[in-house]
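Colleague: I have a model open and do not know how to read its features. Could we go through some of them in turn?

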Amino acid sequence: MIYGTTVKREEQSREYRIQNYGIFVVIIGGTYDIVRYYLRNVVIVDSRFLYRSQMPFIALVYLMIMLYAYLAYLNDHFMEIANEQALEKIAYTDVLTGLHNRAWCNREFEHLAERKGVAYQILSFDVNGLKKVNDTMGHSAGDALIRDCAKILSSCFEDMGHVIRMGGDEFLVIIVGGRTGFIKRAVRKMERMEASYGMRRAYEIKISYGLSSSGEKADLTPEMVYKLADSRMYQMKKETRYSR
């Protein structure tokens, strides 16, 4: 009757199978105790075994099995959570820099779109001269330049928002409820760190940027705010004569 209403054995979880073993122990032990009770009335044997119920021992075994099943459930449950978190981290993390990636950004844009009335700022960044570094010094140097820029942006903006690598030489920072004064100070810190890193590298580090806010116009979507920041970033590249 028990198995008639359950899923196939191979589809059962480990803790469910352990619980079934516990039920079988109770059934077998109970059956034995009933047989023992009737045997002592028809068989004359000088044995304490027939006159002593084994149900306390069976109950103890059952409780131990149930405890083991619960511990197995906790182990499997937390392992499942850990695996889900690991897979999510892989799916939403940029391999080269360890920052959030474009997929994470798309999900965050969806969340921002759902939070009506929440003010946020978006900064779009572009690494200047990456193509030149790749062409003259090799792609390993280009990767090092990308990692340096990721460290600079993380150091300057991670305490106030989310730093994202969109791909290639493009980065993004999303700041929810940030103040313009703090953002400007972070940008100035970024420019100082560019110079500091550049003195220790064989390549120059310069990052163009553009800033936009959700409150600049009515009914702006996160994608529209991002495009506005991106256009301002490219305008800065044009004015400073930096190219890819």
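Modeller: Start with the contacts of one residue. Asp148 touches Tyr197, Arg201, Tyr203 and Ile205, when residues up to four places away in sequence are not counted. Keep in mind that this is a predicted model.

Colleague: In which helix is Asp148 placed?

Modeller: Asp148 belongs to helix α6.

Colleague: Is Asp148 buried or exposed?

Modeller: The idea is to compare relative accessibility with a cut-off, and buried means under 20%. Asp148 has 4% relative accessibility, so this residue counts as buried.

Colleague: Which side chain forms a polar contact with that of Asp148?

Modeller: The side chain of Tyr203 does, at 2.6 Å. Tyr203 is also one of the residues in the list of contacts for Asp148.

Colleague: How do I read the packing of two helices, say α6 and α7?

Modeller: Look at the distance between the axes and the angle at which they cross. For α6 (residues 139-157) and α7 (residues 180-199), the axes come within 9 Å and cross at roughly 145°. The crossing is right-handed. On the α6 side the contact includes Asp148, Lys151, Ile152 and Leu153, and on the α7 side Ile183, Ala186, Val187 and Tyr197 are among the residues. Sorted by class, this contact has 10 nonpolar, one polar and four charged residues.

Colleague: At what angle do α5 and α6 pack?

Modeller: Helix α5 (residues 130-137) packs on α6 at about 145°, and their axes are 7 Å apart. Leu130, Val133, Asn134 and Met137 of α5 meet His139, Ala141, Gly142, Leu145 and Ile146 of α6. Here the classes are six nonpolar, three polar and no charged residues.

Colleague: What is the order of the strands in the sheet?

Modeller: For a sheet, read the order of the strands, then the sense of pairing, then the edges. This open sheet of four strands runs β2-β3-β1-β4, and the pairing is antiparallel. At the edges are β2 (162-167) and β4 (207-213), each of which pairs on one side only. From one strand to the next, the twist averages 20°.

Colleague: How many bridges join β2 and β3?

Modeller: Five bridges, in the antiparallel sense, with β3 covering residues 170-176. As a single case, Ile164 has Leu172 in β3 as its bridge partner.

Colleague: Which helix lies across β1, β2, β3 and β4?

Modeller: Helix α8 (residues 222-240) does, and it runs at about 145° to β4.

Colleague: Loops have no such regular pattern to read. Where is Thr97 found?

Modeller: In a loop, go residue by residue. Thr97 is in the loop between α3 (55-91) and α4 (102-114). Its relative accessibility is 18%, so Thr97 counts as buried. The side chain of Thr97 makes a polar contact of 2.6 Å with the side chain of Asp94, and it also reaches the backbone nitrogen of Leu99 at 3.2 Å. With neighbours within four places in sequence left aside, Thr97 is in contact with Ile146, Ala150 and Arg165.

Colleague: Is Asp219 buried or exposed?

Modeller: The cut-off for exposed is over 50%. Asp219 is at 74% relative accessibility and therefore counts as exposed. This residue is in the loop between β4 and α8. For its backbone, read the sign of phi: in Asp219 phi is near 60°, a positive value in a residue other than glycine.

Terms used: Residues numbered from 1 in each chain as written. Predicted model: local features only at pLDDT ≥ 70, side-chain atom pairs only at ≥ 80, totals over all residues. Heavy atoms only, no water. Axes fitted to C-alpha atoms, helices over the stretch in contact; angles between N-to-C directions. Left-handed = near helix turned anticlockwise from the far one by under 90°. Contact = heavy atoms within 4.5 Å. Nonpolar A, V, L, I, M, F, W, Y, C, P; charged D, E, K, R; others polar. Pairing = 2+ DSSP bridges. Buried < 20%, exposed > 50% of the residue type's maximum accessible area, 1.4 Å probe, protein only. Polar contact = N/O pair within 3.5 Å; in protein donor to acceptor, adjacent residues only side chain to side chain.
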